[in-house]
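This note is meant for a colleague who is opening the structure for the first time. Its points are numbered so that each may be checked against the display in turn.

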Amino acid sequence: MIRLHTEADLTDGAFIEATEGQAHYLGGVMRRSIGDSVRLFNGRDGEWDGRIATLSRGKARFTAETQVRPQAGDEDLWLMFAVLKRDTTDLVVQKATELGVSVLIPVFTERTNAGRVNLDRLRAIAIEASEQCERLTIPEIRPARPLHDTLAEWPAGRALFVALERADAQKIAPASGPAGLLIGPEGGFGPRDHAALDRCHFVRPVSLGPRILRAETAAIAGLALLQTSGCG
Ligand code: SAM
């Protein structure tokens, strides 16, 4: 079953314009034809069975037919992560989407050595991951900013679990309310990052075990542990 995300409203009989990429994927890659079925979701109206109504020369339209799943409430789990090399950042966004993260916040830390974040690219990766994993929403991806600024604007009442290797920190424990996880860069947090984190009352240092994990492994493991412990 091909699942596609759309920005359009989904209602009985609605005609929906496909993006150029979707039209190419359906006609050129998947060799689908007019009348073939697709599943559609937009993050607001649940999931719909639909059909390809028109398909030619890089353009396509769908019709929405029947709602097959109502919109479900999203999980409330945030991931803040130090920007990594491009492929690794892509992997973190893909896996965090699969693991149900609702908000992704890339940050620049003292030892971040990647300079730029392409939000459109990351959003495309999140859309593709949501389509594949049968999620009904696309996570929000915020523009990358310095860690310090993001901490200054952290919402009251949301705990921030900060993954610290080689620290005498507790293992991730169930959160009693909304939470986020912070993963550092390949070089680890620097002294100025630690000083900024130490000043934040909402920070909860956590360990992910005795081994030093790559940042992407730490993100995936930490999110999985937060979910099994009930906050995801
Ligand atoms: N360069 C650092 C060092 O050798 O000490 C390791 C940094 S690690 C590759 C990248 C990030 O993953 C860390 O900043 C931390 O957030 C997280 N991390 C890795 N292993 C961890 C562990 N065992 N417990 C908690 N966090 C961990």
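**Notes on the predicted model**

1. The largest nonpolar core has 32 residues, and those that touch the most other members are L79, V93, L104, F161, L181, I183 and L223. At least two residues of this core come from each of β6, α2, α3, β10, β12 (179–183) and α6 (215–228). Helix α6 supplies the largest share, five residues. A second, separate core holds 18 residues, with V103, V107, L160 and V203 among them. Please note that the coordinates are those of a predicted model.

2. V93 is a useful residue from which to look at the larger core, since it is listed with those that touch the most other members. Which residues does V93 contact, leaving aside its neighbours within four places in sequence? They are F81, L104, L122, I125, A126 and I141.

3. For orientation, the overall composition of the chain may be stated here. The protein chain contains six helices and 13 strands. Along the principal axes, its C-alpha atoms fill a box of roughly 60 × 35 × 30 Å. Of the 232 residues, 45% count as buried. Among contacts in the chain with a separation of 6 or more, 70% are accounted for by residues 24 or more positions apart. The chain exposes about 12000 Å², and 48% of this is supplied by carbon and sulfur atoms.

4. The charged side chains deserve a separate look. Side chains of opposite charge can pair when their charged atoms come close. The structure holds 15 salt bridges. In one of them, the side chains of R123 and E7 meet with an N to O distance of 2.9 Å. R123 belongs to helix α3 (residues 119–133), whereas E7 is in the loop between β1 (3–5) and β2 (15–17), so this pair ties together parts that are 116 residues apart in sequence. R123 is partly exposed, at a relative accessible area of 33%, while E7 counts as exposed, at 54%.

5. A further salt bridge links R158 and D76, whose closest N and O atoms are 2.7 Å apart. R158 is found in the loop between α4 (147–152) and β10 (159–163), and D76 in the loop between β5 (59–69) and β6 (77–82); the pair therefore ties together parts that are 82 residues apart in sequence. Is R158 buried or exposed? Its relative accessible area is 9%, and because the limit for a buried residue is under 20%, R158 is classed as buried. D76, by comparison, is partly exposed at 34%.

6. K95 and E98 form a salt bridge within a helix, with an N to O distance of 3.3 Å between their side chains. The two residues are three apart in helix α2 (residues 86–98), which means that about one helical turn separates them. Both partners are classed as partly exposed: K95 has a relative accessible area of 24%, and E98 one of 35%. Elsewhere, R3, R39, E47, D49 and R69 are joined into one network by salt bridges that share partners.

7. The surroundings of the ligand comprise 21 residues, of which A163, R166, E186, L208 and R211 come nearest. Several polar backbone atoms can be located beside the ligand. One, in A163, is 2.7 Å from a ligand oxygen atom. Another, in E186, is 2.8 Å from a ligand nitrogen atom, and a polar backbone atom of G209 is 2.9 Å from a ligand nitrogen atom. How much of the ligand's accessible area does the protein cover? The protein covers 89% of the 580 Å² that the ligand has on its own.

8. The final point concerns T6, which is placed in the loop between β1 and β2. T6 counts as buried, with 6% relative accessibility. The side chain of T6 reaches the backbone nitrogen of A8 at 3.0 Å. Apart from neighbours within four places in sequence, T6 is in contact with I16, F41 and N42. The loop between β1 and β2 also holds E7, which counts as exposed.

Notes: Residues are numbered from 1 along each chain as its sequence is written. This is a predicted model: local features need pLDDT of at least 70, side-chain atom pairs count only at pLDDT 80 or more; totals for chains, interfaces and linings use all residues. Side-chain values use heavy atoms; hydrogens and water are left out. A salt bridge is a side-chain nitrogen of Lys or Arg within 4 Å of a carboxyl oxygen of Asp or Glu. Helices (H or I, at least four residues) and strands (E, at least two) are DSSP runs, numbered from the N terminus. Buried means under 20% relative accessible area, exposed over 50%, partly exposed in between (1.4 Å probe, protein chains only). A nonpolar core is a set of buried Ala, Val, Leu, Ile, Met, Phe, Trp, Tyr and Cys residues joined through side-chain atoms within 4.5 Å. Contact means heavy atoms within 4.5 Å. A residue is near a molecule or strand if one of its heavy atoms lies within 4 Å of it. A polar contact is a pair of N or O atoms within 3.5 Å; within protein, one must be able to donate a hydrogen and the other to accept it, and residues adjacent in sequence count only if both atoms are side-chain atoms. Accessible areas come from the Shrake-Rupley method with a 1.4 Å probe; for residues, only the protein chains shown count as cover.
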